[in-house]
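Here is a walk through one model, going from a single side chain out to its sheet and then on to a cavity and a couple of odd backbone angles. Have the viewer open as you read.

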Amino acid sequence: MPSHYMRREFLENEAVQTSDNTTYTLDLPESGYLTALMLKLRATNGTTSNLNAAIKDALTRVEVIGNGSTVIFSLTGNELDRYTWRWFKQRGAEFLSEDLSVVQFQTFLIPFGRAIGDKKFCLDLSKWNNIQLRIQYNLATVNAVGATGFATGTFSVTVVGYRYPQGAGLSPMGYIKTSEIVQPTDAASG
């Protein structure tokens with residue numbers, strides 16, 4: 001295959017996490033031009049139910065961090081859900097259910113350009129010493145982990161990268177940075 005074609009590659013495939021409240025970290029490739037990441041996150045409902053809880057509710061923050069401290073992308077679970085909807089002009093692929101022992105999943109998009117495959121705006125991975133995807137989650141955010149919430153140890157992560165190889169002859173102008181500028185508060189909190 002010629003080197004100028006964009007590749008869709010699994011960077012992580014259904015990696016089950018043993019902790020119910022932690023930060024999952026994935027080192028991204030060191031070369032190439034990343035136009036987007038697609039996340040598929042899954043968790044299993046407890047043995048009796050899981051009322052009013054979706055995967056997005058368990059996400060505290062999803063970030064892409066460069067060189068240890070530069071924020072490239074940072075949104076909460078609910079913000080990421082709305083952001084994905086904006087890009088697809090509809091909800092991302094998902095299966096939401098309150099039924100017992102059912103595996104729920106949601107997909108989320110993290111774009112670095114104007115569209116998947118954008119050659120003008122994308123993340124030049126070779127300009128960074130280290131880029132990491134960090135997913136901070138807590139399965140007990142809505143319901144306690146166990147019979148009436150998400151089952152313990154069932155959070156899993158799939159990450160798909162849309163990337164041009166380093167020798168593709170691209171010279172992007174930059175990338176789209178996405179992060180929260182102001183964290184809103186309500187009147188009661190001052």
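Not counting residues up to four places away in sequence, which residues does Ser-74 touch?

## Ser-74 and its surroundings

Ser-74 touches Arg-61, Val-62, Glu-63, Thr-178, Ser-179 and Glu-180, once residues up to four places away in sequence are set aside. Keep in mind that this is a predicted model. Ser-74 itself is found in strand 5, and with a relative accessible area of 6% it falls under the 20% cut-off, so it counts as buried.

Two of those neighbours also show up as side-chain partners. The side chain of Ser-74 makes a polar contact of 3.0 Å with the side chain of Arg-61, and another, of 2.9 Å, with the side chain of Glu-63. On the backbone side, Ser-74 has Ser-179 in strand 11 as its bridge partner.

## The sheet around it

Zoom out and you get an open sheet of five strands, in the order 2-9-4-5-11, with mixed pairing. Strand 2 (21-27) and strand 11 are the edge strands, each pairing on one side only.

Now go through the pairs in turn. Strand 2 and strand 9 run antiparallel and are joined by seven bridges; here Thr-25 has Arg-134 as its bridge partner in strand 9. Strand 9 (residues 131-138) and strand 4 also pair in the antiparallel sense, over seven bridges. Strand 4 and strand 5 (residues 70-75) run antiparallel too, with five bridges between them. At the far end of the order, strand 5 and strand 11 (residues 178-179) run parallel and are held by two bridges.

## Strand 4, in the middle of things

Is strand 4 largely enclosed or largely open? Seven of the eight residues of strand 4 (residues 59-66) are buried, so the rest of the structure largely encloses it.

Val-62 is a handy landmark here. Val-62 stands opposite Ile-135 in strand 9, and its bridge partner in strand 5 is Leu-75. Elsewhere along strand 4, Gly-66 stands opposite Thr-70 in strand 5.

## Two asparagines with positive phi

Most residues other than glycine have a negative phi. Asn-67 goes the other way, with a positive phi of about 55° although it is not a glycine. Asn-67 takes that angle in the hairpin of strand 4 and strand 5, which has three residues between the strands. Its relative accessible area is 38%, which makes Asn-67 partly exposed.

Asn-52 also has a positive phi of about 55°, again without being a glycine. You'll find Asn-52 in the loop between strand 3 (33-44) and helix 1 (55-58). Is Asn-52 buried or exposed? Asn-52 is exposed, with a relative accessible area of 64%.

## Arg-91 and its contacts

Next stop is Arg-91, in the loop between helix 2 (77-88) and strand 6 (94-95). Arg-91 is partly exposed, at a relative accessible area of 28%.

Which side chains does Arg-91 reach with polar contacts? One is Asp-81, at 3.2 Å between the side chains, and another is Glu-94, at 2.7 Å. Leaving aside neighbours within four places in sequence, Arg-91 is in contact with Asp-81, Trp-85 and Gln-106. As for Thr-107, it sits 16 residues from Arg-91 in sequence and 8.9 Å away in space, C-alpha to C-alpha.

## The cavity

How many cavities of 30 Å³ or more does the structure hold? It holds one, and the space in the largest cavity comes to about 30 Å³. Arg-91 turns up again in its lining, alongside Asp-81, Thr-84, Gly-92, Ala-93, Glu-94, Gln-106 and Thr-107.

Helix 2 and strand 7 (103-111) each supply at least two residues of that lining. By type, the lining residues of the largest cavity divide into one nonpolar, four polar and three charged. The lining includes Arg-91, Asp-81 and Glu-94, and Arg-91 makes its side-chain polar contacts with Asp-81 and with Glu-94.

Note on methods:
Residues are numbered from 1 along each chain as its sequence is written. This is a predicted model: local features need pLDDT of at least 70, side-chain atom pairs count only at pLDDT 80 or more; totals for chains, interfaces and linings use all residues. Side-chain values use heavy atoms; hydrogens and water are left out. Helices (H or I, at least four residues) and strands (E, at least two) are DSSP runs, numbered from the N terminus. Buried means under 20% relative accessible area, exposed over 50%, partly exposed in between (1.4 Å probe, protein chains only). Contact means heavy atoms within 4.5 Å. A polar contact is a pair of N or O atoms within 3.5 Å; within protein, one must be able to donate a hydrogen and the other to accept it, and residues adjacent in sequence count only if both atoms are side-chain atoms. Two strands pair if DSSP finds at least two bridges between them. On a 1 Å grid over the protein atoms alone, a cavity is a set of points where a 1.4 Å probe fits but cannot get out, and a pocket is an open set with protein on both sides within 12 Å along at least five of seven lines; lining residues have an atom within 4 Å of a point. Grid points are joined across faces, edges and corners, and a volume is the space filled by probe spheres set on the points. Ala, Val, Leu, Ile, Met, Phe, Trp, Tyr, Cys and Pro count as nonpolar, Asp, Glu, Lys and Arg as charged, and the others, Gly among them, as polar.
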